[in-house]
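Trainee: I have a model open and would like to talk it through with you. Could we go over it together, one question at a time?

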Amino acid sequence: MSTLTEAPPPLGPAAPEEKPPRRRGRFTPYWLLLPGMLWLIVFFALPMVYQASTSVQQGSLEQGYKVTWHFATYWDALNAYWPQFLRSVCYAAAATVLCLLLGYPLAYLIAFRAGRWRNLIMILVIAPFFTSFLIRTLAWKTILADNGPVVHALNTLHVLDLTGWLGWTAGDRVLATPLAVVCGLTYNFLPFMILPLYTSLERIDGRLHEAAGDLYARPWTTFRKVTFPLSMPGVVSGTLLTFIPAAGDYVNAELLGSTDTRMIGNVIQTQFLRVLDYPTAAALSFILMAAILAMVTLYIRRSGTEDLV
Amino acid sequence: MEQYEPERLTPPQAAALRRGLRGGRAALTRRSLLRAATGGALAAGGLGTLAACGIPAAGKNQGGTSAQDHSATEKVVNFSNWTEYLDVDDSGKHHPTLETFRGRTGITVDYTEDINDNNEFFGKIKPQLAAGQDTGRDLIVLTDWLAARMIRLGWVQKLDPSHLPHAYTNLSAQFRDPDWDPGRAYSYPWQGISTVIAFNKKALDGIEVRSVSDLLDNPRLKGRVGFLSEMRDSVGMTLLDMGKDPARFTDDDYDAAIARLQKAVDKGQIRRFTGNDYTSDLSKGDFAACIAWAGDVVQLTSDNPHIDFVIPDSGYVTSTDNLCVPNKARHKTNAERLIDFYYEPAQAAALAAYINYVTPVDGVKPYLAKIDRDAADNPLIVPDKAMQAKSHAFRSLSQKEETAYEGKFAKLTGA
């Protein structure tokens, strides 16, 4: 685990007593922190204060907005848009699970089996990032087009009958259905799952696998008892990096979805830009933030890896 | 994974760790830093600050609407327009009409295509205008409802008619008196936009589409119909189909139109509400038919022979994109001269030949015929009498109506 325990310095008479630290050094950490802190204050803390203020204001564009401590906005917003909240959480959770199922085997392959192909596969994983998020999502509209080969194949195999029965698709199409949105989310956030998984898998000492084999563990048992527990930090950070942005995403629902797949990000965008209801938009943003924070805290507590992420 | 595990440390390591963590207040841990940061943010953003950051009322600008006009000394005009909304030569770098303008007046046009969406653009320039500052732009192009809102808020300047002789003479009658800017005191149309029904013949497979009712009711089109996320176009076309005039409708008419659309959404007839991206859905055949903008349709039909359009018998909605001079613009006179320049029929023809929207300038046809005969005969570009008779504008809305209507439409589209 720790490099400290692996390479202990020679024991024996302790090194000469430590010198009193130079006074100048005392503030060095703070100076080094200053740029980052300023950045956080200007681009995070201040906007948050502004948002918080907006959420308790009332008024209109003509009359201006005044802080009236109108907290009922929160309640009204939640009341009106809870289905979209629920939907966002469900879609994000589904996409996260799919990412894990798809990403884990791939990360495992890259870390342990890829050999000289490792770098090439890594590049393939990262390559989609070289094009814009929007273009990547639009590409899915071509892939899943009604007259395209994918939908045709799914129809021939009667897969869409099953997904239609489950309510994931409508009719004999994939686009403009929940399935398309979840697929888009999964695709767009997959690298965020693979990279942390790969990093933590790659650190596992191969000799541990040999040791497990020596102790008569079968490959599956080795995976279950050794590899997977040691990769937990990757699983936790991967799921967080996938779930959090996916829950707030609005591009996939906008382009691949329909009226009944709108997520909370779409609602916030509409309220802010179209309806010009700034307080509701701000309140929705805060509710989303609080909800994600609560879920993530609970998740980290449960998975018991607080120090690792 | 370096963790603090004191029980496993050798004495020198423990001493090193203690050194690092010692020094009481000076010691830095992640937690203490986070705590300090949160504390700082809370102190800085105390409740008093929360109350202080209200948004001032619009229209109460400090120091009036106009800035000192630098037109005489600075021979430039900063022109912000939508993407692909100006003629361009084959290299894609030069705009012939802008160069003619410079040759004639010596004024350089600093041309930027930075408008993609009315709502987003409004969000972008709102802070400066609300604070009574220069946006850095002398001329902007806004769709009529946003131009109306900007006039209502007092964020655009009154134009000087003495600089606009051609514009005054040549503006087509149908655009002269919108209810939000009677007599065109604040704005002049850049282009007109007709909202029509477009369809993909291959995807329709013989189904006839002639009206909005066909889109909303024909069960064979279930899930293959598109509407626009622009409220005035979608609701306006529906109102016309229901026999109401979008220029004179009541709250009840509006609610009835929304209810009619809601019924179609509920039974899965309408696939999506889209912005400009409907063009790809239509040409791929994912939309068999949809509400569309005529300028796009002209473009699409030349690329894809299956695409065609129909003007419903009940009429169609026409909107305009308008040239406005925002408050505090530095080169107002130059901007007005540019507006007037585009109202010379020869220049308007050069523009119309390239961008395929409805030209708001009278007398363009002979000039356009010299460049492109087909375009000159296309009623979508130069509307004939029959076309003009079916054209309807969506009336302007009060601020209260706008919020309520957009709210209801947002609910319809799922958010």
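Trainee: Which residue with a positive phi follows α13(A)?

Mentor: Happy to help, and keep in mind that this is a predicted model. Look just past α13(A), where the residue that follows has a phi near 60°. That residue is A:L276.

Trainee: How many residues of helix α13 of chain A are buried?

Mentor: The helix runs over residues 264–274 of chain A and is mostly covered. Its buried residues include A:I264, A:V267 and A:I268, along with A:N266, A:Q271 and A:R274. Of its 11 residues, the number buried is eight.

Trainee: Which elements of chain B help to cover those buried residues of α13(A)?

Mentor: Part of the cover comes from chain A itself, including α3 (72–113), α11 (232–248), α12 (251–256) and α14 (278–303). Chain B contributes too. Its elements in that cover include α5 (118–130) and α19 (399–412).

Trainee: Turning to chain B, which elements give two or more residues to the side of domain 1 that touches domain 2?

Mentor: Start with the domain assignment of chain B, which gives domain 1 as 76–192 + 320–380 and domain 2 as 193–318 + 399–412. The contact between them takes 12 residues from domain 1 of chain B and 10 residues from domain 2 of chain B. On the domain 1 side, by class, there are five nonpolar, five polar and two charged residues. The elements of chain B that give two or more residues to that side are α6 (144–153), β4 (187–200) and β9 (316–324).

Trainee: Which helix gives the most to the largest nonpolar core?

Mentor: That core has 156 residues, and among the members that touch the most others are B:A198, B:C290 and B:L338. Its top contributor, though, is in chain A, with 15 residues. The helix is α8 (residues 178–202) of chain A.

Trainee: Why does this core lie between the two domains of chain B?

Mentor: Check which domains supply its residues: the core lies between them because both give residues to it. The two are domain 1 (76–192 + 320–380) and domain 2 (193–318 + 399–412) of chain B.

Trainee: Beyond its neighbours within four places in sequence, what is B:L338 in contact with?

Mentor: B:L338 is one of the core residues that touch the most other members. With neighbours within four places in sequence left aside, its contacts are B:V77, B:F79, B:F101, B:V109 and B:L139.

Notes
Residues are numbered from 1 along each chain as its sequence is written. Chains are lettered from A and ligands numbered from 1 in the order in which they are written. This is a predicted model: local features need pLDDT of at least 70, side-chain atom pairs count only at pLDDT 80 or more; totals for chains, interfaces and linings use all residues. Domain bounds come from an automatic or database domain assignment. Two residues are in contact if their C-beta atoms, placed from the backbone, lie within 7 Å. Helices (H or I, at least four residues) and strands (E, at least two) are DSSP runs, numbered from the N terminus. Ala, Val, Leu, Ile, Met, Phe, Trp, Tyr, Cys and Pro count as nonpolar, Asp, Glu, Lys and Arg as charged, and the others, Gly among them, as polar. A nonpolar core is a set of buried Ala, Val, Leu, Ile, Met, Phe, Trp, Tyr and Cys residues joined through C-beta atoms within 7 Å. A residue is buried if 20 or more other C-beta atoms lie within 10 Å of its own, exposed if 12 or fewer, and partly exposed in between; C-beta atoms are placed from the backbone.
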